[in-house]
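Good morning, everyone, and thank you for making room for me today. Please take a moment with the sequence and the structure before I start to talk about them.

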Amino acid sequence: MSVFIARRLLQSIALVLVMSMLVFLGVFAIGDPINTLVHPDATEAERQAIVEHFGLDRPLYEQYGRFLANAARGDLGRSFRFDEPTLSLIAQRVPATLELAFAALLLTVLVGIPLGLYAGLHPDAASSKLILGVSAFGFSVPTFWLGLMMVMVFSVRLGWLPSSGRGATVELLGVPVSFLTWDGLKHMLLPAINLAFFKLSLIIRLARAGTQEVVMSDYVKYARAKGLRPWRIVFVHVLKNVLVPITTVLGLEFGRTIAFAVVTETIFAWPGMGKLVIDSINVLDRPVIVAYLLLIVVMFIAINLVVDILYSVLDPRVDLEAQR
Amino acid sequence: MKNTRCSLAPGRAPLFLAAALSLLGSALGAQATLKVGLATEPASLDPQFSTTGATQQASQQLFDTIIGRDKNLQPEPSLALSWTQVDPLTWEIKLRPGVKFHDGKDFGSADVVYSVNRIPRLPESPSSYKRNVAAIKDCVAVDPLTVRFTLKSPSPQFPLDLSFIYVLPRDTPSDATVEDFNKGKYVVGTGPFKFVEWVRGDRLVLERNRGYWGRKPAFDKVIFRPITNDPSRVAALLAGDVDIIDQVSPVDQERLRKDARISVLSVPAATMMYIHMDSNRDATPFVRAKDGSVLAKNPLKDPRVREALSLSINRAALVQRVLGGAAVPAGQFVPEGMVGWAPELKPDAYDPERAKKLLAEAGYPEGFSMTIHGPNDRYLNDEQVTQTIGQFFARIGIDIKVQALPYSVFSTAATNLEYSIFLMGFGNTTGDAARGMTAVLATFDKATGMGANNRGRYSNPAFDKLIQSAAAASDEKRREKDLQDAVRIAVGKDRGIIPLYFQTTTWAMRKGLTYVPRMDEMTLARDVAIVK
C-alpha cells in the first residue's frame with residue numbers, strides 16, 4: 001500500500017504542475033484585469049502604477065516563474081481586489097462549503113442507499129415506482145429552479161425555514177460550524193437538500209440497479225438456501241457488494257459538490273468558496289482564480305486516493321499494488 | 001440591546017424602568033435590530049483601501065468623511081463644519097467640536113492630518129484614494145479644530161475631494177494591514193455605528209454609537225448581509241429575514257409594488273448609460289456600405305449622422321419595455337440635482353423621419369451597415385438594451401449587427417479602439433459632471449490623463465477649453481456655468497456621445513420603514529427610519 005501511495009504522490013506532483021500551467025495560460029487568455037479592476041476614470045499614470053504593482057507588465061513566462069517560486073514556498077499570491085493572501089481568503093470560506101457538502105453527502109447516503117436498496121428488493125411495489133419517479137424528477141430539474149422554489153414555499157409562503165445565510169455558528173476546534181446550533185441547522189437544511197437532490201437521485205438509481213443484480217447472484221441464492229436471516233443477507237451480502245460502485249460515484253460527486261456548489265451557494269447566500277470564485281472570475285482577480293483551481297486539483301487527487309484505498313477495504317479482491 | 005441597557009442600571013427599580021421603557025419602545029414600533037440585505041460586499045474595512053461603492057458603503061456606517069455628501073452627492077458639513085478658500089491655493093476648514101471616536105478618544109485636527117497623510121503611504125490598490133489627495137501639497141493643524149491645506153494648483157473641487165477622505169484616529173499604527181482591519185482591529189471611527197463582527201460572505205454586524213454627534217440612528221444593532229442573487233434578496237425580504245434590500249430588479253419591482261407589506265423607493269442614480277461612437281478616425285472597423293464595400297468616409301465622423309442615430313431612439317419605450325421603467329431618459333451627462341446639469345437640454349425626442357432626412361443630407365440616403373457592441377454582464381439588462389438600440393437603428397435604414405460580450409473582454413477591446421459604436425455607462429459618483437466629462441469627452445491625452453475613457457476619441461477644442469476653465473475656476477457659479485456650456489457643446493450640439501438614460505436605483509423595505517434614497521446607490525443604516 002505504501003508503495004502505491006508514494007507512486008501516486010509523484011504522479012500528483014506532475015499533474016499539479018501541468019494544471020498550474022494550463023490554469024495560468026487560461027486565466028491569462030481571458031482578458032486584461034486592469035479594465036475591470038481599476039476605477040473607470042483612472043488616469044493613465046494611475047493605471048500604470050497598478051499594472052507595475054501587480055507585475056502585469058512582465059512577460060507571461062516571468063509571471064509564471066515568479067508564481068511557481070512563490071508557490072514552492074507555500075505562497076499562492078495576494079488577491080488583486082482584497083490585497084489579502086489568496087490562501088487565507090479561500091481558507092475562510094472552506095468550512096462553510098465543506099460543512100454544506102458533508103451535510104449533502106450525509107443526506108445522500110442516509111436517504112439514497114436505503115431507498116435504492118428498497119426499490120431494488122421490491123421492484124414491483126407501488127412505493128418503489130414512486131421512489132423512481134422522484135429520482136427521475138431529481139435528475140431533470142435544474143438546481144437553481146429547485147432552490148428558488150424551495151425558498152418560495154418553505155420560507156416565503158410557510159415561513160418555516162430561513163431563506164438564506166448561514167445562521168448562528170459556534171467554534172469547534174477553532175473552526176466555525178453551524179450544525180451544532182438549532183438556528184444553524186435550520187439555515188443548513190434547505191441548501192443541503194438542494195445540493196443533495198441530484199446526487200440523491202443518482203445514488204437511488206445506482207443502489208437499485210446494483211441490488212437487483214446482486215440479488216440474482218449465486219452467493220445470495222446460496223445464502224438464502226443456507227437459511228440465513230433476510231436482514232443478514234441484505235445488509236451483509238447484498239449491501240457490501242452494492243457499495244463498491246456507489247463509493248466511486250460518491251467520491252467523485254463529493255469533489256464536484258465542493259468545487260461547484262456555486263449555484264446553491266448563490267441562491268442561499270451561503271458564504272462558501274463558490275461565491276468567492278465566481279466574483280473573482282467576474283473581475284478577473286487572477287491570483288484567487290489560480291489558487292482556487294489548483295486547490296481543487298489537489299482535492300480531487302486526494303479524493304481519488306481515498307476512494308482507491310476504500311476499494312481495497314470494501315473488496316478484498318482489489319490489489320492496489322498491482323494497479324498501474 | 002437588553003444587556004447594555006440593563007447592565008448599566010445599578011438597582012432593581014431602574015431595571016424595571018428600563019424594561020418598561022423598552023416595552024413601551026416596542027409598542028411604538030421601535031426596533032432593536034435592522035437587517036439589511038445588500039447586493040454587494042465591501043472589499044475591506046480599511047476605509048482608505050478602496051473607493052468602490054460596496055466598500056465605501058461599509059466605511060460610511062463606521063467612519064465620517066471630513067466633508068459629508070448629501071443624497072444628491074453635494075458637499076455638506078460633517079466632521080468639518082465649514083470650509084473656506086483663503087486664497088486660490090489655500091483652504092481652511094473648521095472642525096466640529098466635541099466629536100469622539102468609538103473608543104472614547106477626542107477627535108481633532110491631528111486626526112485629520114494623520115488621515116490625509118496616511119493615504120499616499122498605503123500600498124497600491126486598484127481603486128485607491130490617492131487621486132483625492134493628489135492636489136494637496138501640505139496639510140497642517142493650525143489649532144485643535146482648524147486645519148489648513150495648501151494645494152499644488154487651484155482646485156475648486158477640493159471640498160469634493162475631502163468628502164472622500166475617511167478619518168481614522170491618529171494613533172492607528174502606520175503598519176496596520178488590511179488583514180488587521182478586516183478582523184476589526186483598528187476599525188475605530190466617529191461614525192454612527194461601531195464595529196461588532198465581520199464574517200466575509202455572511203454578515204457585517206454593527207451596533208449604535210451612542211455618542212454619535214449627528215442624528216441618532218433608529219436602531220441599536222444593524223446586520224448587513226450580502227445576498228448577491230436578485231431573486232434570493234427579494235425572497236429574504238418577503239420571508240422577513242431582512243427588513244430592507246437594495247438594487248431591486250425591474251421585474252421584482254412590479255411585484256413588490258403590489259405587495260401591501262412592502263414599500264418601494266427609487267431615485268435616478270448617478271450612472272449614465274450612453275452610446276459611444278468612433279467619431280474621429282477616417283476609417284472605422286465595423287462600418288461598411290450595405291454591399292460590404294469600404295466607405296470613402298467614416299459616417300460616424302459626421303455630427304448629422306450622430307444626431308440621426310440619437311433621434312432614431314425611442315428612449316421612453318426603451319426605458320418602459322426593456323428596463324421595466326427602472327430608468328429615466330437622459331439628454332446630458334448628469335441628472336438634475338448635480339452640478340453641470342443644463343436645464344434646457346432635454347433628451348432627443350423620437351423622430352425617425354427627421355433621422356432619415358439627416359442621414360440623406362449627410363450623403364447616406366440608403367443608410368449603411370454597422371455592428372454595435374455592448375457588455376452582457378455589467379449593467380441592468382445591457383444585452384437587451386444593445387439589441388433594442390440596434391433595432392431602432394435598423395428602422396432608419398441601417399443594416400445592423402449586434403454583439404454582446406462579457407465586460408472583461410468587451411472593455412479591453414473598446415479601450416483598444418477596436419469598435420465603431422458601443423454601449424457604455426459612467427458612474428457620476430462625485431456629484432458633478434466635471435470628472436465624467438473630462439474622462440469621456442475631453443480630447444484624449446495620455447500625458448495629462450484627459451479623455452482616459454474617451455473610447456470614441458471625440459475632440460473639440462472649445463469643449464476642452466471650458467473643461468479646463470471649470471477645473472481652474474475658483475468660483476462655484478462660474479464653474480457651474482462652464483460645465484453647463486461644455487455639455488451644451490459636446491452633447492447638445494456635437495453629440496460626441498448619445499446619452500440614453502440614467503439608471504434608477506431602487507430599495508424595497510417592509511412597511512413601517514422608510515429610507516432617504518441616495519444617488520450613489522448606498523444603503524446607509526443611519527438614514528433608515530421608522531415611520532410613526
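I will go through the contact between the chains, then a helix pair in chain A, and then the domains, a sheet and two loop residues in chain B.

Please keep in mind throughout that what we are looking at is a predicted model.

Let me begin where the two chains meet, and ask how many residues of each chain are in contact with the other. On one side there are 44 residues of chain A, and they are in contact with 41 residues of chain B. If you look along chain A for the elements that give two or more residues to this side, you will find α2 (33-37), α3 (44-54), α5 (86-121), α7 (143-157), α11 (262-267) and α12 (273-282). Of these, α3(A) gives the most, with six residues. Sorted by class, the side of chain A that touches chain B has 21 nonpolar, 13 polar and ten charged residues.

Staying in chain A, I would like you to find two helices, α10, which covers residues 230-259, and α13, which covers residues 286-314. Their axes are 10 Å apart, and the helices pack at an angle of about 170 degrees. Because angles over 145 degrees count as roughly antiparallel, α10(A) is roughly antiparallel to α13(A). The residues that make this contact include A:L243, A:V244, A:F254 and A:I258 from α10(A), and A:M299, A:F300, A:V307 and A:L310 from α13(A). By class, the contact of α10(A) with α13(A) has 14 nonpolar, five polar and one charged residues.

One residue of α13 in chain A that we can look at by itself is A:I296, which is among those that α13(A) brings to the contact with α10(A). Is A:I296 buried, partly exposed or exposed? It has 19 C-beta neighbours inside 10 Å, and since a buried residue needs 20 or more, A:I296 counts as partly exposed. Its C-alpha atom is separated by 24 Å from that of A:F179, and the two residues are 117 residues apart along the chain.

Now let us turn to chain B, which is divided into domain 1 (5-261 + 511-530) and domain 2 (269-504). The C-alpha centres of these two domains of chain B lie 35 Å apart, and 17 residues of domain 1 are in contact with 17 residues of domain 2. On the domain 1 side, helix α9 of chain B, residues 250-258, gives the most, with four residues. That side has eight nonpolar, five polar and four charged residues.

Next, please look at the open sheet in chain B, where four strands stand in the order β4-β5-β7-β6 with antiparallel pairing. Which strands are at the edges? They are β4 and β6 of chain B, each of which pairs on one side only, and from one strand to the next the twist averages 20 degrees.

We can walk across this sheet in order. Strand β4 (residues 80-87) of chain B is joined to β5(B) by six bridges, with B:W83 standing opposite B:I93, and the hairpin that these strands form has two residues between them. From β5(B) we step to β7(B) over five bridges, where B:E92 stands opposite B:R148. Finally, β7(B) (residues 146-151) and β6(B) (residues 136-143) pair over six bridges, with B:C139 standing opposite B:F149, and a hairpin of two residues joins β6(B) to β7(B).

In a regular strand the side chains alternate between the two faces of the sheet. In β5(B), residues 90-95, the covered face has B:W91, B:I93 and B:L95, while the uncovered face has B:T90, B:E92 and B:K94. Helix α4 (residues 109-121) of chain B lies across β5, β6 and β7 of chain B, and runs at about 165 degrees to β6(B).

I will finish with two loop residues of chain B. B:L73 is not a glycine, and yet it has a positive phi of about 65 degrees; you will find it in the loop between β2 (67-69) and β3 (75-77) of chain B. B:R457, which is also a residue other than glycine, has a phi near 60 degrees, and it lies in the loop between α15 (434-440) and α16 (461-472) of chain B. As for their surroundings, B:L73 is buried, with 22 other C-beta atoms within 10 Å, whereas B:R457 is partly exposed, with 16.

Methods. Residues are numbered from 1 along each chain as its sequence is written. Chains are lettered from A and ligands numbered from 1 in the order in which they are written. This is a predicted model: local features need pLDDT of at least 70, side-chain atom pairs count only at pLDDT 80 or more; totals for chains, interfaces and linings use all residues. Two residues are in contact if their C-beta atoms, placed from the backbone, lie within 7 Å. Ala, Val, Leu, Ile, Met, Phe, Trp, Tyr, Cys and Pro count as nonpolar, Asp, Glu, Lys and Arg as charged, and the others, Gly among them, as polar. Two strands pair if DSSP finds at least two bridges between them. Domain bounds come from an automatic or database domain assignment. Axes are lines fitted to C-alpha atoms, for helices over the stretch in contact, and angles run from 0 to 180 degrees between N-to-C directions. Angles under 35 degrees count as roughly parallel, over 145 as roughly antiparallel, 65 to 115 as roughly perpendicular and the rest as oblique. A residue is buried if 20 or more other C-beta atoms lie within 10 Å of its own, exposed if 12 or fewer, and partly exposed in between; C-beta atoms are placed from the backbone.
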